[in-house]
Every structure is written in structure tokens, then in C-alpha cells.
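Me: I'm new to reading protein models and I'd like a close look at one part of this one. Could you take me through the buried interior, and then show me how the rest fits around it?

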Amino acid sequence: AVLVLRWHQINKHELNVYHYNTVIDAFAKSARWTKALRVFSEMMQNKVESTVVTFNAAISACEKGGEWKTAVHVFREMTRSHVERDTITFNATISACDRGGELERALELLHEMAQNEVRSNTVTSSAVISACGRGGKWKKALNFFSAMAQSKVEGNAITFNAAI
């Protein structure tokens with residue numbers, strides 16, 4: 001993916017958001033967060049308009065790399081860039097906080113998600129339950145697990161494993 005991006009640059013082709021998103025996503029999926037963020041930064045410097053997909057890929061790269069602080073920074077940058085955050089954005093950032101042992105930050109993001117009327121889903125619940133468990137807050141994890149049924153969010157194997 002990077003070779004294709006560089007080929008376009010060498011041949012003076014105008015790069016667009018889709019080129020950059022493809023490369024950032026490829027790095028995110030291969031857990032190469034530093035390279036993903038380097039391309040993300042290049043995109044910003046070149047003033048290529050980013051989308052929610054761009055930011056989600058960058059946040060996912062940080063999450064896979066265990067870089068919760070950077071994930072939260074990219075998440076906050078979305079507001080400054082006037083890019084609307086969606087369920088995937090919140091889920092990736094909450095998951096990054098979970099992996100970093102940042103329960104309070106994960107819960108703040110969950111609260112912010114509700115305030116912004118962004119719908120939570122099974123992934124959200126699994127990440128929050130996991131963060132509660134990792135933070136030693138088993139009662140809170142079980143309460144949240146119980147609340148899932150009331151809010152009609154279905155659990156899956158990941159959710160049940162997180163609750164255990």
C-alpha cells in the first residue's frame with residue numbers, strides 16, 4: 001500500500017483521502033501504529049481532507065499498538081477538525097483505554113458517547129466490561145453487563161468472556 005502511495009507521489013498524481021485511508025488502514029491492521037500515524041500526519045500536512053474513516057483507522061492503529069494516550073489525542077483532534085465521531089470511533093478509543101488500563105478514561109468516553117447521542121453496541125459493552133475487569137471493578141462490570149439487557153444490547157462470546 002505504501003509503495004502505491006509513493007508511486008503516485010513520484011508520478012505527481014494528486015493523492016486523495018481514499019489513497020491515504022487505504023494505507024493508514026493497512027498499517028492499522030498490521031499493528032504498525034507509528035507508520036499509520038506518520039501517513040496520517042503527512043495527510044494532514046498535505047491538507048487532504050480527512051473523514052471519519054481516516055480518524056477511525058488512525059485510532060485503531062493506536063489501539064492495536066497499546067497507545068491509549070495517542071488514541072485519545074487523535075480522538076480529540078476530530079473535534080478540532082470538525083469530523084463527526086461515530087460508534088466505531090468511540091469503540092476504538094474506549095478499547096485503547098481498556099488496553100492501557102485506563103478505566104476512568106474509558107468510562108468518561110462512554111458518558112461522552114451518550115451525551116453525543118452516539119449509539120453503543122456489543123463492541124462498546126465488551127470494551128467497557130473488559131476495562132472494568134482490568135481495573136478491578138468487577139461489581140461495576142457485572143452491573144454494566146446486567147444493564148445491557150435493559151438497553152437491548154446483545155452480548156457475544158467476547159462480552160461474556162469479558163464479564164467472566
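Reply: Here is a walk through the core, with a short look at the whole chain before it and at a few loops after it.

Keep in mind from the start that this is a predicted model. The protein has ten helices and zero strands, so if you follow the elements from the N terminus on, you read α-α-α-α-α-α-α-α-α-α. Of its 164 residues, 44% count as buried. The accessible surface comes to about 9300 Å², and carbon and sulfur atoms hold 53% of that. Now take the contacts between residues at least 6 apart in sequence: 57% of them join residues at least 24 apart.

Now for the inside. The largest nonpolar core has 42 residues, and the ones that touch the most other members are Ile24, Phe40, Ile59, Val74 and Ile94. Who supplies this core? At least two residues come from each of helix 2, helix 3, helix 4, helix 5, helix 6, helix 7 (103-115) and helix 8 (122-134).

Let's zoom in on Val74, one of those well-connected members. If you skip its neighbours within four places in sequence, Val74 is in contact with Leu37, Phe40, Phe55, Ala58 and Ile59. Two names on that list, Phe40 and Ile59, are also among the residues that touch the most other core members.

Phe40 and Phe55 deserve a stop of their own. The structure holds two aromatic pairs, and these two residues make one of them: their ring centres are 5.2 Å apart and their planes sit at 75°, so the pair counts as edge-to-face. The cut-off behind that word is an angle over 60 degrees. Phe40 belongs to helix 3 and Phe55 to helix 4, so this pair links parts of the chain that are 15 residues apart. Are the two residues buried or exposed? Phe40 has 8% relative accessibility, so it counts as buried, and Phe55, at 0%, counts as buried too. The cut-off here is under 20% relative accessible area.

The other aromatic pair is Phe75 with Phe90, again edge-to-face, with 5.0 Å from centre to centre and 75° between the planes. This pair also links distant parts of the chain: Phe75 lies in helix 5 (residues 68-80) and Phe90 in helix 6 (residues 87-99), 15 residues apart. Phe75 counts as buried because its relative accessibility is 0%, and Phe90 counts as buried because its value is 1%.

Stay in helix 6 for a moment, where you also find Ala92. Its relative accessible area is 7%, so Ala92 is buried. Here's a nice example of a fold bringing together distant places in the sequence: Ala92 and Ser60 are 32 residues apart along the chain, yet their C-alpha atoms are 5.6 Å apart in space. Leaving out residues up to four places away, Ala92 touches Ile59, Ser60 and Glu63. You met Ile59 earlier, as a contact of Val74.

What about cysteines? Cys62 is buried, since its relative accessible area is 0%, and Cys132 is buried for the same reason, also at 0%. A disulfide is a covalent bond between the sulfur atoms of two cysteines. How many disulfides does the structure hold? The count is zero.

Finally, look at some loops. Ser50 sits in the loop between helix 3 and helix 4. Is this loop residue buried or exposed? Ser50 is at 11% relative accessibility, so it counts as buried. Apart from residues up to four places away in sequence, Ser50 touches Val17, Met43, Met44, Phe55 and Val83. That list includes Phe55, the helix 4 partner in the aromatic pair with Phe40.

Lys47 is in that loop between helix 3 and helix 4 (52-64) as well, but Lys47 is exposed because its relative accessible area is 74%. Lys47 also has a positive phi of about 55°, although it is not a glycine.

Ala31 has a positive phi too, near 60°, and it is likewise a residue other than glycine. You'll find Ala31 in the loop between helix 2 (17-29) and helix 3 (33-45). With 42% relative accessibility, Ala31 counts as partly exposed.

Note on methods: Residues numbered from 1 in each chain as written. Predicted model: local features only at pLDDT ≥ 70, side-chain atom pairs only at ≥ 80, totals over all residues. Heavy atoms only, no water. Helix = DSSP H or I, 4+ residues; strand = E, 2+ residues; numbered from the N terminus. Buried < 20%, exposed > 50% of the residue type's maximum accessible area, 1.4 Å probe, protein only. Phe/Tyr/Trp six-rings, centres within 6.5 Å; stacked < 30°, edge-to-face > 60°. Core = buried A, V, L, I, M, F, W, Y, C linked by side-chain atoms within 4.5 Å. Contact = heavy atoms within 4.5 Å. Areas by Shrake-Rupley, 256 points an atom, 1.4 Å probe, with all protein chains shown as cover. Disulfide = S-S within 2.5 Å.
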